[in-house]
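Got the viewer open? Let's take a walk through this one, stop by stop.

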Amino acid sequence: MTTSTSLDQVFLTDFHSTYKFGATPANGVDRQAGTREHGAIRDWFRERAIAAGMEVRVDAVGNLFALYTWDPTLNHVFLGSHLDSQPLGGRFDGCYGVVAALHAAQEINEKVLSGEITPVHNIAVVDWFNEEGSRFQPSIMGSSVLAGSMNLEKILATRDAAGITVREALDDIGYLGEDPAPIPTAYAEIHIEQGRLLERHNTEIGAVTQSWYTQKLLVTVNGEQSHTGATLMADRHDALIAAAEIVLMTERVVDTFPAEEIVTSVGQLAVEPNSPIVVPRQVDMVIDLRAHLRSQVEQARATLLTQIAEVEARRKLTVLVQDFDIRDHQYYPIEGIELTEKAAAEAGRTCMRIETMAGHDSVPMNRIVPTVMVFVPSVDGVSHCEREFTRDEDLVAGVRVLVEIASQLVTGSLDAVTPGESGVDASV
Ligand code: HGY
Ligand code: MN
Ligand code: MN
């Protein structure tokens, strides 16, 4: 009889072996969606799944599935996350959830084959395509297409900065699929918290209650090119100076809200023509705005638009602002939260309710099927960074909880539960 300890060791060995895919010098990974590094870890996942007797499928948007189908007349409980990463990202973000799901599914399969569990649903482990949204925007692509909130053809035609389409990138790594995706009946995802609340509260498991309202703003500042040496200062229409003012405004807008209720940064900025002796003609940048409530994001956005209009007039240039990647805040079903709390208690782990500020594939899935989202702690709350770290004992605690949640889902515990509700602002 294999004990959970030996199973945990097998999981850890497997998970630690993923660090080599896209390994970076400072202990991170770089395997952006559709790159050869991303293809390599997907090949590894495929081999592991086939070796475990699973059927592998790839759908039209490159979602990669590994299935145990005990009864072909039944739908599948999905367990998963994503294997793609941010540039110079962390080894745990997404990948932990996929490997944990693979191991949980294998443990469930053993229980089904031994008759310990009588499933009313099959199980599908999924590596969603392009959750991160760095090379191809927006983020959370593959699960959003499956959930019906993004259009397949539009996504396949999306281009990266080099003009390569999603379709071409998937084809290049051999993951432009034609298989029918399995039909989900419920979804569970385990993920590192990427924040510091579990650490702050010295708690091992997070039962996620809601996702934050998030949106991005593409800001294009149009000035005029001129000579950095010969043009009088009064004659300059410097797009980068104006953009710099807007970046500082973005940080300052947060000060008008209660602490830790709204976050924002400009993570991406491109200057044209980016020559050392040319006053910049154009700047394109992306503001990421997220808050506990929709009304807070909308209020911050309105303040920024007013301030941007003032910069436009004063500096005699134009600024175009386009909203994109808008995700309403969404509640996870209480029955799933209670399932996590029960599973944590049975595993002898502390648990607390927590909101997710980061987006996940569970956000679109929570719109179509009952969804359970579980966190394990991030050391220093650091993520999207090579320094990202989660301790082995926290990783295996999460796997134990995921196995119990998955056992409940495949035996129908959430069958009577509706998908997550969109958030309604208490303040409106
Ligand atoms: O959008 C997000 O928060 C995720 O990290 N892609
Ligand atoms: Mn992630
Ligand atoms: Mn991420």
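Leaving aside its neighbours within four places in sequence, which residues is Ser407 in contact with? Select Ser407 and look around: the partners are Ile108 and Ile117. Keep in mind along the way that this is a predicted model.

**Stop 1: Ser407 and its helix**

Ser407 sits in helix 12. Its relative accessibility is 9%, so Ser407 counts as buried, the cut-off being under 20%. Now add Ile123 to the selection. The two residues are 284 residues apart along the chain, yet a C-alpha to C-alpha distance line between Ser407 and Ile123 should read 9.9 Å.

**Stop 2: helix 3 against helix 12**

Next, show helix 3 (residues 95-113) together with helix 12 (residues 392-410). Two packed helices are described by the angle between their axes and the distance between the axes. For helix 3 and helix 12, the angle is about 50° and the axes are 9 Å apart. That angle makes helix 3 and helix 12 oblique to each other, and the crossing is right-handed.

To see who makes the contact, put sticks on these:

- from helix 3: Tyr96, Ala100, Ala101, Ala104, Glu107, Ile108 and Lys111
- from helix 12: Asp394, Leu395, Gly398, Val399, Arg400, Leu402, Val403, Ala406, Ser407 and Val410

Colour the contact between helix 3 and helix 12 by class and you should get 11 nonpolar, 2 polar and 4 charged residues. Ser407, our starting point, is in that list.

**Stop 3: along helix 3**

Stay on helix 3 and hide its partner. Is the helix enclosed or open? Of the 19 residues of helix 3, 15 are buried, so helix 3 is largely enclosed by the rest of the structure. Its length checks out too: at 1.5 Å a residue helix 3 should span 27 Å, and the end C-alpha atoms are indeed 27 Å apart. Just beyond helix 3, click on Gly115, where phi is positive, near 85°.

Back inside helix 3, pick His103. With a relative accessible area of 7%, His103 is buried. Leaving aside its neighbours within four places in sequence, His103 is in contact with Val10, Phe11 and Asp14. For a link back to the previous stop, draw the C-alpha distance from His103 to Val399: they are 296 residues apart along the chain, but separated by 7.9 Å.

**Stop 4: helix 10 against helix 12**

Bring helix 12 back and add helix 10 (residues 334-346). What is the angle at which helix 10 and helix 12 pack? About 130°, with the axes 9 Å apart. Helix 10 and helix 12 are therefore oblique to each other, and this crossing is right-handed.

On the helix 10 side, the contact is made by Leu339, Thr340, Lys342, Ala343, Ala344 and Glu346; on the helix 12 side, by Val401, Glu404, Ile405, Gln408 and Leu409. By class, the contact of helix 10 with helix 12 has 6 nonpolar, 2 polar and 3 charged residues.

**Stop 5: helix 9 and its cover**

Now select residues 294-315, which is helix 9. These 22 residues should span 32 Å at 1.5 Å a residue, and the end C-alpha atoms are 31 Å apart, which agrees. Which residues of helix 9 are buried? Ser295, Gln296, Val297, Ala300, Leu304, Ile308 and Val311.

To see what covers those buried residues of helix 9, show, among others, strand 7 (213-222), helix 8 (239-253), strand 9 (262-272), strand 11 (282-291) and strand 12 (318-327). Then step past the end of helix 9 to Lys316, whose phi is positive, near 50°.

**Stop 6: backbone oddities in the loops**

Most residues other than glycine have a negative phi, and most peptide bonds are trans. Here are some exceptions to click on:

- Asn27, in the loop between helix 1 (4-16) and helix 2 (36-51), is not a glycine but has a positive phi of about 70°.
- Asn202, in the loop between helix 7 (197-200) and strand 6 (205-211), has phi near 50°. Asn202 counts as exposed, at 68% relative accessibility.
- Gln137 and Pro138 are joined by a cis peptide bond, with omega about 10°. Look for Pro138 in the loop between strand 4 (122-127) and helix 4 (141-146).
- Glu272 to Pro273 is also a cis peptide bond, with omega near 5°. Pro273 is in the loop between strand 9 and strand 10 (278-279).

Conventions. Residues are numbered from 1 along each chain as its sequence is written. Chains are lettered from A and ligands numbered from 1 in the order in which they are written. This is a predicted model: local features need pLDDT of at least 70, side-chain atom pairs count only at pLDDT 80 or more; totals for chains, interfaces and linings use all residues. Side-chain values use heavy atoms; hydrogens and water are left out. Helices (H or I, at least four residues) and strands (E, at least two) are DSSP runs, numbered from the N terminus. The expected span of a helix is 1.5 Å times one less than its number of residues. Buried means under 20% relative accessible area, exposed over 50%, partly exposed in between (1.4 Å probe, protein chains only). Contact means heavy atoms within 4.5 Å. Axes are lines fitted to C-alpha atoms, for helices over the stretch in contact, and angles run from 0 to 180 degrees between N-to-C directions. Angles under 35 degrees count as roughly parallel, over 145 as roughly antiparallel, 65 to 115 as roughly perpendicular and the rest as oblique. A crossing is left-handed if the near helix is turned anticlockwise from the far one by less than a right angle, and right-handed if clockwise. Ala, Val, Leu, Ile, Met, Phe, Trp, Tyr, Cys and Pro count as nonpolar, Asp, Glu, Lys and Arg as charged, and the others, Gly among them, as polar.
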